[in-house]
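Please open the model in your viewer and keep the selection tool at hand. The tour below moves from one selection to the next and says what is found at each stop.

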Amino acid sequence: MDPKAKKTALRGITYGLYLIGTKDESGVNAFAGNFLTQTSFEPPFVTLAAKAGTRSQKQIASSGVFSVNLLESGQKDMVTAFFRPLEVDGDMLAGYAFTTEETGCPIFKDALSFFECKVIDRLEIGDHFIYVGEVINAGVHREGDPLTMKETGFYYGG
Ligand SMILES: Cc1cc2nc3c(=O)[nH]c(=O)nc-3n(C[C@H](O)[C@H](O)[C@H](O)COP(=O)(O)O)c2cc1C
């Protein structure tokens, strides 16, 4: 295989960029991720890949839940704050307020909308582990155009 062609072709996959909320007995966390897609209408399933060995991946593996916060076009600064390990400060992560609902994972008020998932299957192979989540709760804060990877100029893939 030509590695350059592989990189170029894989970078042709279009993505959004989301805030994924996680939790375990040590507390809540959130990270910015793009490896996410819906994979079933009924039941509603999404599939997420979480970087193996990160706090977030370990939290999803142990709690069996995660949340997905859909950001608005223009929220590049917000998403950028979630590329690194964080400490929770009251009801804030990286300076952004969150609440919790069904799963206990962070739901950011500044996002457009959110959904929460219960992990129903997993494939822990590769450098990112794959979690299939059943959507068990969802909410809309406001209408708007979604943030895309293209808009941010970031790449994660290839
Ligand atoms: C543009 C971009 C996209 C990313 N997408 C993912 C992703 O889909 N899955 C993932 O696990 N990490 C992804 N990351 C890396 C995480 O944001 C980063 O490892 C974060 O530190 C993980 O949080 P934690 O260390 O608190 O667990 C991405 C990073 C960037 C810059």
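Begin with the charged side chains, where the count comes to two salt bridges, a salt bridge being a side-chain nitrogen of Lys or Arg within 4 Å of a carboxyl oxygen of Asp or Glu. The model is a predicted one, in which local features need pLDDT of at least 70 and side-chain atom pairs count only at pLDDT 80 or more, while totals for chains, interfaces and linings use all residues. Residues are numbered from 1 along each chain as its sequence is written, and side-chain values use heavy atoms, with hydrogens and water left out.

Select Glu-72 and Arg-142, which form a salt bridge whose closest N and O atoms are 2.5 Å apart. Glu-72 sits in the loop between strand S5 (65-70) and helix H3 (76-80), and Arg-142 in the loop between strand S11 (128-140) and helix H4 (149-152), so this pair ties together parts that are 70 residues apart in sequence. These elements are DSSP runs numbered from the N terminus, with helices (H or I) of at least four residues and strands (E) of at least two. Glu-72 is partly exposed at a relative accessible area of 22%, and Arg-142 is partly exposed at 32%; buried means under 20% relative accessible area, exposed over 50%, and partly exposed in between, with a 1.4 Å probe and protein chains only.

Move next to Arg-122 and Glu-124, a salt bridge in which the closest N and O atoms are 3.7 Å apart. Arg-122 has a relative accessible area of 36% and is partly exposed, and Glu-124 is partly exposed at 38%.

Now select the ligand. Of the 20 residues around the ligand, Ala-32, Asn-34, Phe-35, Lys-51 and Ser-56 come nearest, where a residue is near if one of its heavy atoms lies within 4 Å. Which oxygen contacts can be followed from here? A polar side-chain atom of Asn-29 lies 2.9 Å from an oxygen atom of the ligand, a backbone N or O atom of Arg-55 lies 3.3 Å from a ligand oxygen atom, and a polar backbone atom of Phe-83 is 3.2 Å from an oxygen atom of the ligand. Taken alone the ligand exposes 630 Å², and the protein buries 90% of that, the areas coming from the Shrake-Rupley method with a 1.4 Å probe.

Turn then to the aromatic rings, of which the structure holds six pairs; rings of Phe, Tyr and Trp (its six-membered ring) pair if their centres lie within 6.5 Å, and planes under 30 degrees apart count as stacked, over 60 as edge-to-face and the rest as tilted. Select Phe-35 again, together with Tyr-156: their ring centres are 5.2 Å apart and their planes stand at 50°, so the pair is tilted. Phe-35 lies in the loop between strand S2 (27-33) and strand S3 (36-40) and Tyr-156 in the segment after H4, so that the pair links parts 121 residues apart.

Phe-83, already selected beside the ligand, is the next ring to visit. The rings of Phe-83 and Phe-154 have centres 5.2 Å apart and planes at 85°, so the pair is edge-to-face. Phe-83 is partly exposed at 44% relative accessibility, and Phe-154 is partly exposed with a relative accessible area of 28%.

Finish with Phe-82, Tyr-96, Phe-98 and Phe-108, which form one aromatic cluster.

Methods
Polar contact = N/O pair within 3.5 Å; in protein donor to acceptor, adjacent residues only side chain to side chain.
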